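Let's take a friendly walk around one residue and the empty space beside it. Have the sequence and the 3D view ready.

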Amino acid sequence: MKNIDIAIVGSGIGGSLIAALNKNKDIVVFEKDHNLGGCASTFKRFGHFFNTGATTFVGYEDGHIIKNIFDKVGLKPDILQSKIAIRNIQGNKKVDRIQNFEEFLSQLNSVYYHKNNRAFWTKIKEIDEKFWKLKHIYFAKYSLKAFFKSSIFVAELLKEFKTDLLISAQKFINDTLPNISDEYRAFIDSQLLITLQTTSKNATLLSMSLGLAYPFHKVFYVNGGMGKLIEDLLKDVKVNKNEQVISVIKKEKQYLLKTTKDEYLCNKVVLNSTIFDSSKLFIDENIKSYFQGFKFGDQSAFVVYVKLDIKKEFLHHYQIVLKENIPNCISNSFFVSFSDVNDEKMSKNGLSLTISTHSKAIFWEALTKEEYEEKKEQTKEFIIQEFLKYFDTIKKENITSNFAATSKTFYSFINRTNCGGKPINIKSAFSLPSCNTPFEGLYNVGDTVFAGQGWPGIAVGVDVLNKELNKI
Ligand SMILES: Cc1cc2nc3c(=O)[nH]c(=O)nc-3n(C[C@H](O)[C@H](O)[C@H](O)COP(=O)(O)OP(=O)(O)OC[C@H]3O[C@@H](n4cnc5c(N)ncnc54)[C@H](O)[C@@H]3O)c2cc1C
């Protein structure tokens, strides 16, 4: 049996950021898969590299938590700013999500004109800017100090946002953009599905603002694939790949970790498994029931991976909004990410594409094996056909390989069926899991924990966790 101070279960964005911040300690990251990064990994298939899920990297700018963490770790990421963050296409309507506000507004007005567009988007931008300037972001429970720091955060939120905090996204849209067209609403909702895993129906004004303002920040492409960023973060950390943690047993002051390869006695355990999956690791009834108290959030992904035999410049990211829902999915839009033509690894022998949309894990789980294969093929083919309609310089013959992933695929590789954080709305904000638990030495990190998904959301949670872990 080996002794470790801090064991980190999983090398997702959360596990990797907290490991990198504590790399000078006696720390081991356990990763079930042979690729690092979970939803933000890069994998090789048929001789080509593909990004598993995440393709955009946001927040590497002065004053932002992401840049602060990378600076603390001493890592300068190998990234390239996307000139146009995302091109949103709906029928013959096209809007480029760019940083420049006036240019964005003028494009928006040319296709989704509304007399209050300026007021709406100014508010969105202002709220987002205010949020990232907050000084006391904190959300932890189970100790007086944690409650105190969290209360200061709530007080800061109230002071900065006042009644805006209580406004729902839908009310704000209906009040500010009365008689908004269905297409314009779809333009907004399709972007919220990507950033928040929900539409304006279930979001607050604050979360909608953070979701919609994402491309007002610099959006980066990661050279060599998103997984390369994770590998760089973990380069000075002990990582045990292909080693799954099977159980965590609470001892008096420590935790006994049993993995597929060995046993370890640890002072602290940080779980980067989702909050819904962590209960499976424990036999202790108290810990099990703590984790089971979080209701499963069924936000999952359907992803199509495509390799093209062409080397031609495209934007890094497009979002295609269709009239109808994609078969077997819960969305009418899909997000297309192209590898950069000059990326020697990802674009070797042609471009690598990750195309994703939203679906429910429960749907795929209920199918027989035959139904599953049939529906997976149907969805994949539908997405490829639609994709080809929008990129007429790409022909079917240019596709040298294609395959798809459902929630079941995600489960077999990275142990999770849901693939995104739980949408934060007024109701869920209070039941949100925090990075600390009622059990001394046991912590959570990742997109199912405060403050949510993607690089920026997870980094906010990592920052709080780092303070809790080190009693700062
Ligand atoms: C299709 C898609 C597209 C996305 N696009 C973007 C984007 O463009 N930009 C962005 O910022 N975000 C994006 N996201 C969101 C982002 O990818 C996720 O929020 C983030 O990667 C999740 O990180 P995490 O820390 O929760 O860890 P996860 O990604 O869940 O990783 C957890 C890791 O822990 C490992 N693990 C779990 N249990 C065990 C165990 N018992 N033992 C050992 N290892 C274990 C898993 O194998 C996995 O590697 C996207 C997500 C998806 C699904």
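What follows looks at Asn51 and then at the largest cavity, which Asn51 helps to line.

This is a predicted model, in which local features need pLDDT of at least 70 and side-chain atom pairs count only at pLDDT 80 or more, while totals for chains, interfaces and linings use all residues. Residues are numbered from 1 along each chain as its sequence is written, and side-chain values use heavy atoms, with hydrogens and water left out.

Start at strand β4, residues 48–51, where you will find Asn51; a strand here is a DSSP run (E) of at least two residues, numbered from the N terminus. Is Asn51 buried or exposed? Asn51 counts as buried because its relative accessibility is 9%, and buried means under 20% relative accessible area with a 1.4 Å probe, protein chains only.

The side chain of Asn51 has these polar partners, where a polar contact is a pair of N or O atoms within 3.5 Å, one able to donate a hydrogen and the other to accept it:

| Partner of the Asn51 side chain | Distance |
|---|---|
| Thr42, side chain | 2.8 Å |
| Met226, backbone nitrogen | 2.9 Å |

Now for the empty space. A cavity is a set of points on a 1 Å grid where a 1.4 Å probe fits but cannot get out, and lining residues have an atom within 4 Å of a point. There are four cavities of 30 Å³ or more, and the largest has a volume of about 90 Å³. Its lining includes Asn51 and Met226, and strand β17 gives the most, with three residues.

How values were computed. Helix = DSSP H or I, 4+ residues; strand = E, 2+ residues; numbered from the N terminus. Buried < 20%, exposed > 50% of the residue type's maximum accessible area, 1.4 Å probe, protein only. 1 Å grid on protein atoms, 1.4 Å probe; cavity = no way out; pocket = protein on both sides within 12 Å on 5 of 7 lines; lining within 4 Å. Points joined across faces, edges and corners; volume = space filled by probe spheres on them.
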